[in-house]
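Dear colleague,

I am passing on the structure we spoke about, together with some notes on what was found in it. Please look it over alongside the text below.

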Amino acid sequence: MSGIDRVDRSRVPQASRVQVVKFPPFIRHRLPCGLTVVAARLPRVPLVTMELVLQGGAQHDPAGRHGLATLVAGMLDEGTARRDMNTLAASVERAGSYLTSSANWDASFVQTGGLAAHWREGLSTLAEVALEPTFPAVEFERLRRQRQAELIGRRDQPDALAEEHFTRLLFARTAYDHMLVGDLESLEAITRDDVTSFYSAHLAADDAALVAAGDLDPEAVMRVAGEIFAHWPAATRHAPPRVEPRAPEGVSIRLVDRPQAAQTELRIGHAGISRLDPDRSVLRVLNSLLGGKFTSRINLNLRERHGYTYGASSRFVERFGRGPFVVSCAVSSEHAGAATREVLGELNRLREELVSDEELDDARNYLLGVFPYALQTADDLVDKLEDLVVYGLPNDDFERHLHNMMAVTKEDILASAQRHLHPEKAYIVAVGPEAALTPQFDGIGTILPTGS
Amino acid sequence: MPATSVTPEIPFREYRLANGLRLVLHRDRTLPLVAINLWYHVGSRHELPGRTGLAHLFEHMLFQGSEHVGTNDHFRYVQQVGGVANGSTWYDRTNYHETLPAQHLDLGLWLESDRMGFLLPALTQEKLDNQRDVVMNERRQRVDNQPYGRAFERLHELLYAPGHPYRWPVIGSMEDIAAATLDEVRDFFRVYYSPDNAVLTLAGDFDLSEAQDRVEAWFGDLATGPVRPVLATPPAAIEGERRDEISDRVQLPRVYLAWEGPSYGTDAWYAGSLLCVALGSGKSSPLYSDLVLGRQLAKDVSAFIFPTELGATTAIVATARPGVSAADLEHALDEHIERAAAAELPGPDFERARNQLLRSAFAGIETVESKAEQLSQFATYFGNPGFLQRELSAYAETSPEAARQFAKRYWRRDRRTALTVVPETRP
């Protein structure tokens, strides 16, 4: 024991303000074949991540064929003109690499990652699965059954149930009215012909992009991509469908009965914004202080003040069209009504009162400060860069967003809250013991009849 | 033959303060960040039956303020400068970490040293009650309200003999959490949350000697803890096969086959770990390619071994496809287990496993957070922050024959626990 305290523990150590970290340099070029290459060098660790972004996602799922886009994406690496699925998987995995394919609402993705020494093989593999898939009937059948098994497995997952019911209520009769994976019936209805026609119509287009990051030379990636993808087929881009969900008359509540559930899963929200909405940066700051971080109003209220939950959060999910704004939490069932009132109260408070200077400052500094954490890995950079090509954003989108967030004022927050938060017309989904829940929601809104 | 001549490594400097605190420093100036990572060598295995869940409850209490830090201010101070913070609890250890803009190193050190040295004056019944409610909701959310959520607790109850500290769940039982008194919580803190039972790692953008001085300034005068009690040696593994079937709100049966394996860090552990990756990781692995893709008996399958100190749970877990019975699935798993014990797996499976492990090792040194976490982990368990090199060479030197020996010695039918979770019959 030194006996001498050399530090003053009674005061918060101060330091200079957060420095704004710049997004690392990257190249972005459109090759003569139509493919756009976006690449960033991150040389610290000998790993690379490369992703093909194919324009065409679940927003184009045809009626009665929900889940088609994700099924098509899943089929890309199930066999090509060169190799069957087993041979392909074995050779990728033996090199220590991975290969995955997926789709979201806006686009489809094929991604590979591995040791930097294998980057050329990685690029060839991406070209092979994107341009020469054969969609073998036997693998199609298997994958469709696998997806159905996944869906069956989800029936007892309260969070998945809540998400599904919330999606169906909020997006009824729009392109977003289903789960990405589809449902048992739609998967049953999809044929291999649906898969090949969706692929030809939406994925094999000339406006695809290659996004690469890691221990690589961006110029070399561009050169080799030019050779490998020289014969990218031409096709037309399909405009995203218009998504305008209808707001309910008042608060609409769906109770999903799980009689012996130990807890209640809650979703509270309504339509949010598009990725292209000009209010995006203001809403990022707004959401951060509302429910986007541990010290947000909603989490401190529900968790720290009331002990109702292990954690509560809110977010604006951004897509081409308006994605959901949703507050999510799992609460002790006897507090589901009280928790809902608290959440609606927090939304109202933000519409009625200016936030404090300190709260605004905290939220902005938080968002600026954590920005570089998501720039550390090759995967991180690919995640960020893919947004530029999916949504056709300018190269300085990240800088602009940071700049805009720094400029947000209390008045901006209030105006945005009034424009984008609508607690009086919210959808509420509660998955839990219905008998115990029903009386708690009395007076909060209209409980929708079961099965409606 | 590795595809690259570079090997993953985390250069470090190590110091020990007079009060016993072990300090590990790793400099990385790529971004203006610092990761602060503090491991206490206390986990659920240091609890006593009837008072389970204390270590985890403590993780919550450590975010409730200390003498100079107000309730909820820990997260507030960290987040308002653009930092992130969290903690986690496991069988053998508890960890606390912050990542901050580099210039805020002092803030992190202040917060961590204050709760190490000055927690008790701020510990109140009210805070304890509130966090007890939060923890009970955490348990409901993660365990009680999740399909298959209680399977692991039952598995460990069957797998470990009475008196073995891995027999109870890390999060504890509802009864014990409800019963914990303020005095018990205080005593637990006094015994285990002292500088001589902790490793502090800093990774990021700082000057080495300056960082060492700052740590000395904040932590140097914290008192060494009392002598920690010698815990009873865990009883020997149970002989004979144990079986159970539990019903749950699930749609598809799931089969768990589990064994008590060797401790983390031993040659046998690495043989087991390599075997698990070779057998079950990736679409082209024997388990996945046969059970999920080929015969289509399973929706998913995995094989693993926990990195724990007093032996380690090693298990193979698979969920049935609709229409497939637990018994058929178990039988198919048995075939793979017997094969792994009878003959070496094919060379390509090991090549895949080694290269996958190499890739994960590189992925593990991409961020300052994960580098700090590994240095703390190795220093805590093996007294050597540089144990990563030993780990990588253990993987490189493990032969297919050693992996076969592992299967033969540990994955024995007469030592195993077989648990199936089946759908409850509903009216």
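In this predicted model, strand E8 (residues 254-261) of chain B and strand E10 (residues 312-320) of chain B run antiparallel and are joined by eight bridges. One residue pair to look at in this ladder is Leu257(B), whose bridge partner in E10(B) is Ile316(B).

These two strands belong to an open sheet of five strands in chain B, which has mixed pairing and the order E7-E11-E8-E10-E9. At the edges stand strand E7 (242-248) and strand E9 (298-305) of chain B, and because each has a single partner strand, one side of each is left without a neighbour in the sheet. From one strand to the next, the twist averages 15 degrees.

Two helices of chain B are associated with this sheet. Helix H9 (residues 267-280) of chain B packs on the sheet and touches E8, E9 and E10 of chain B, with a direction that makes about 165 degrees with that of E9(B). Helix H10(B), for its part, lies across E9 and E10 of chain B and runs at about 160 degrees to E9(B).

H10(B), residues 286-294, also appears among the elements that each supply at least two residues of the side of chain B that touches chain A. The contact between the chains takes 67 residues from chain B and 65 residues from chain A. Besides H10(B), the contributing elements of chain B include helix H2 (73-80), strand E5 (94-101), helix H3 (105-117), helix H4 (125-144), helix H8 (208-219) and helix H12 (347-363). It is H12(B) that gives the largest share of the side of chain B that touches chain A, namely nine residues. By class, the residues on that side of chain B divide into 26 nonpolar, 25 polar and 16 charged.

A further helix pair in chain B may be worth your attention when you go through the model. Helix H11 (residues 326-342) of chain B packs with helix H15 (residues 400-410) of chain B at an angle of about 125 degrees, and their axes are 7 Å apart. That angle makes H11(B) oblique to H15(B), and the crossing of H11(B) and H15(B) is left-handed. On the H11(B) side the residues are Ile337(B), Ala340(B) and Ala341(B), which meet Arg404(B), Ala407(B) and Lys408(B) in H15(B). Sorted by class, the contact of H11(B) with H15(B) has four nonpolar and two charged residues, and no polar ones.

With best regards

Technical notes
Residues are numbered from 1 along each chain as its sequence is written. Chains are lettered from A and ligands numbered from 1 in the order in which they are written. This is a predicted model: local features need pLDDT of at least 70, side-chain atom pairs count only at pLDDT 80 or more; totals for chains, interfaces and linings use all residues. Axes are lines fitted to C-alpha atoms, for helices over the stretch in contact, and angles run from 0 to 180 degrees between N-to-C directions. Helices (H or I, at least four residues) and strands (E, at least two) are DSSP runs, numbered from the N terminus. Angles under 35 degrees count as roughly parallel, over 145 as roughly antiparallel, 65 to 115 as roughly perpendicular and the rest as oblique. A crossing is left-handed if the near helix is turned anticlockwise from the far one by less than a right angle, and right-handed if clockwise. Two residues are in contact if their C-beta atoms, placed from the backbone, lie within 7 Å. Ala, Val, Leu, Ile, Met, Phe, Trp, Tyr, Cys and Pro count as nonpolar, Asp, Glu, Lys and Arg as charged, and the others, Gly among them, as polar. Two strands pair if DSSP finds at least two bridges between them.
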